[in-house]
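Hi,

Here is the structure I promised to pass on. Have a look at it first, and then read my notes underneath.

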Amino acid sequence: MDTDTTRVQATQSLLRHPTATDGMAVHRLIARCAPLDTNSAYCNLLQCLHFADTCMLAEDAGQVLGFISAYRKPAEPDTLFVWQVAIDERARGKRLARTLLDAILSSPGAEGVKVIETTITADNAASWALFEGVARDKGQDKGERHVLFDQVRHFGGQHGSEILYRITLG
């Protein structure tokens, strides 16, 4: 699948890798997607520029409806760390997040990736469903889990614990 400009019939969205000019639209999308943590607009600009090969967005009629930010871990280049999954309310329930993730995994930027990692708070049901579905499809009952950033020790009680979820790909 050519993920540079792929139209997905199920969602009527155009999937593509982001460019720096998408940074502000991505920033606004993430702000609409509670409970996601917002980063600075500058961070989103850098994601769209420096990590474009491992990020993917979905747009419809010029509106960004979905975005996944991910990067290859520098010390473990066969591991893709999925940072955030943001899907606009209008596009939810249509498997857009899975379509975006699959597009990243089939793109040249993910060539040689053997592991997916992400962090998820305990209460983020949508992310658990997405990544547990990926694990099942890869022949695992569930991925490996452990607390990466603790609510008290790392966040001073200001944020829920972030649980590292690790999926080994076939």
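Below is what turned up, starting with the packing.

This is a predicted model, so local features need pLDDT of at least 70 and side-chain atom pairs count only at pLDDT 80 or more, while totals for chains, interfaces and linings use all residues. Residues are numbered from 1 along each chain as its sequence is written, and side-chain values use heavy atoms, with hydrogens and water left out.

The largest nonpolar core (buried Ala, Val, Leu, Ile, Met, Phe, Trp, Tyr and Cys residues joined through side-chain atoms within 4.5 Å; buried is under 20% relative accessible area with a 1.4 Å probe, protein chains only) has 30 residues. Val-82, Val-85, Leu-100, Phe-131 and Ile-167 touch the most other members. Among the elements giving two or more residues are β5 (76–87) and α4 (125–137), but α3 gives the most, with 6. Helices here are DSSP runs of H or I with at least four residues, strands runs of E with at least two, numbered from the N terminus.

Val-82 has contacts (heavy atoms within 4.5 Å) that include Ile-68, Leu-101, Ile-116 and Phe-131, leaving aside residues up to four places away in sequence. A second, separate core of 10 residues includes Val-26, Ile-30, Cys-55 and Phe-67.

One for you: which side chain does Glu-59 join through a polar contact of 3.0 Å? The partner is Arg-16; such a contact pairs N or O atoms within 3.5 Å, and within protein one must be able to donate a hydrogen and the other to accept it, with residues adjacent in sequence counting only if both atoms are side-chain atoms. Glu-59 lies in strand β3 and is buried, at 16% relative accessible area.

Best wishes

How values were computed:
Buried < 20%, exposed > 50% of the residue type's maximum accessible area, 1.4 Å probe, protein only.
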